[in-house]
Amino acid sequence: MSHISYIGLGSNLGDSRSILREAVQHLAKLGTVRGSRLYASPPMGPQDQPDYLNAVVALATTLEPLALLDQLQHIEQQSGRVRLRHWGERTLDLDLLLYDDAQIQHPRLTVPHVGIMQRDFVILPLLDLVPDLQIAGIDLSGLQCVQKATATVVADVSWYEVV
């Protein structure tokens with residue numbers, strides 16, 4: 001049975017666009033992918049770091065949530081993930097944001113992702129993929145972080161190409 005998951009992608013070290021494009025290629029090996037536009041956003045944590053590139057991918061996969069999480073972490077490691085400090089710069093960050101309509105509380109995984117409702121760099125690309133998306137009955141397009149967004153579009157959906 002196929003499940004629809006939404007994966008947040010972020011990078012602000014190295015050639016971020018290439019790193020994210022390669023991550024989408026790896027995700028495509030796990031199922032069918034459809035990506036959002038590419039966004040630039042200021043860092044959420046320490047401000048003495050480069051801006052991030054962010055996107056979201058819808059992934060139709062047969063993997064169960066923890067198996068999918070394992071694969072995401074494997075892709076991060078394969079990309080040479082570097083994470084220097086909490087909320088700091090990183091080569092690649094892959095977050096399991098949503099998994100079907102599941103609510104998951106596990107020591108390794110919380111779905112919907114913690115803080116999702118306050119992060120414009122997550123909500124805007126989610127809305128690219130599902131314009132009328134609601135989480136827990138809340139219309140995402142009306143959230144304050146969307147109304148006062150600091151993330152800006154830097155590329156349309158052609159920024160990635162699944163081969």
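This tour moves through a predicted model, one selection at a time.

**Stop 1: the largest pocket**

Begin by selecting R90, D93, D95, H113 and R119, which lie nearest the centre of the largest pocket. The space in this pocket amounts to about 700 Å³, and 32 residues line it. Two or more lining residues come from each of these elements: β1 (3-11), β4 (52-61), α2, β5, β7 (109-111) and α3 (120-129). Which element provides the largest share of the lining? Strand β5 does, with five residues. If the lining is coloured by class, 15 nonpolar, nine polar and eight charged residues appear.

**Stop 2: strand β5 and its partner**

Next, select residues 93-99, which form β5. Is this strand enclosed or open? Six of its seven residues are buried, so β5 is largely enclosed by the rest of the structure. Now add β1 to the selection: β1 and β5 run antiparallel and are joined by six bridges. To find one facing pair, select G10 and D93, since G10 stands opposite D93 in β5. D93 has already been met as one of the residues nearest the centre of the largest pocket.

**Stop 3: the loop before β5**

Keep β5 in view and select T91, in the loop between α2 (65-78) and β5. Is T91 buried or exposed? Its relative accessibility is 10%, and the cut-off for buried is under 20%, so T91 counts as buried. Apart from neighbours within four places in sequence, T91 is in contact with G10, S11, L13, I19, G80, R81 and V82. Display the side chain of T91 as well: it reaches the backbone oxygen of G80 at 3.4 Å.

Select G80 next. This residue also belongs to the loop between α2 and β5, but G80 is partly exposed, with a relative accessible area of 39%. A distance drawn from the C-alpha of G80 to that of I19 spans 9.8 Å, although the two residues are 61 apart in sequence.

The loop between α2 and β5 also holds W87. At 41% relative accessibility, W87 is partly exposed. Examine its backbone: phi is positive, about 60°, although W87 is not a glycine. Most residues other than glycine have a negative phi.

**Stop 4: the second largest pocket**

To reach the second largest pocket, which has a volume of about 200 Å³, select L98, D100, D101, Q134 and I135. These are the closest to its centre among the 13 residues that line it. β5 and β8 (134-135) are the elements that each give two or more residues to this lining. By class, nine of the lining residues are nonpolar, two are polar and two are charged.

From β8, continue to A136, in the loop between β8 and β9 (138-139). A136 is exposed, at 68% relative accessibility. Its phi is near 55°, a positive value in a residue other than glycine.

**Stop 5: helix α3 and the loop before it**

Select P112, in the loop between β7 and α3. The peptide bond that joins V111 and P112 is cis, with omega about -5°. Most peptide bonds, by contrast, are trans.

Move on to helix α3. How many of its residues are buried? Nine of the 10 are, and the helix is mostly covered. The buried residues include F121, I123, P125 and L129. Colour the elements that the buried residues of α3 pack against: β1, β2, β3 (38-41), β4, β5 and α4 (144-147).

**Stop 6: strand β2**

Select residues 32-35, strand β2, and show the side chains, which alternate along the strand. V33 and G35 point to one face and are buried, while T32 and R34 point to the other and are not. With β4 added, four bridges can be traced between β2 and β4, which run antiparallel. R34 stands opposite A58 in β4.

**Stop 7: helix α1**

Finish at Q25, in helix α1 (residues 16-28). At 18% relative accessibility, Q25 counts as buried. Which residues does Q25 touch, not counting those up to four places away in sequence? Select E161, V162 and V163 to see them.

Methods:
Residues are numbered from 1 along each chain as its sequence is written. This is a predicted model: local features need pLDDT of at least 70, side-chain atom pairs count only at pLDDT 80 or more; totals for chains, interfaces and linings use all residues. Side-chain values use heavy atoms; hydrogens and water are left out. Buried means under 20% relative accessible area, exposed over 50%, partly exposed in between (1.4 Å probe, protein chains only). A polar contact is a pair of N or O atoms within 3.5 Å; within protein, one must be able to donate a hydrogen and the other to accept it, and residues adjacent in sequence count only if both atoms are side-chain atoms. Contact means heavy atoms within 4.5 Å. On a 1 Å grid over the protein atoms alone, a cavity is a set of points where a 1.4 Å probe fits but cannot get out, and a pocket is an open set with protein on both sides within 12 Å along at least five of seven lines; lining residues have an atom within 4 Å of a point. Grid points are joined across faces, edges and corners, and a volume is the space filled by probe spheres set on the points. Ala, Val, Leu, Ile, Met, Phe, Trp, Tyr, Cys and Pro count as nonpolar, Asp, Glu, Lys and Arg as charged, and the others, Gly among them, as polar. Two strands pair if DSSP finds at least two bridges between them.
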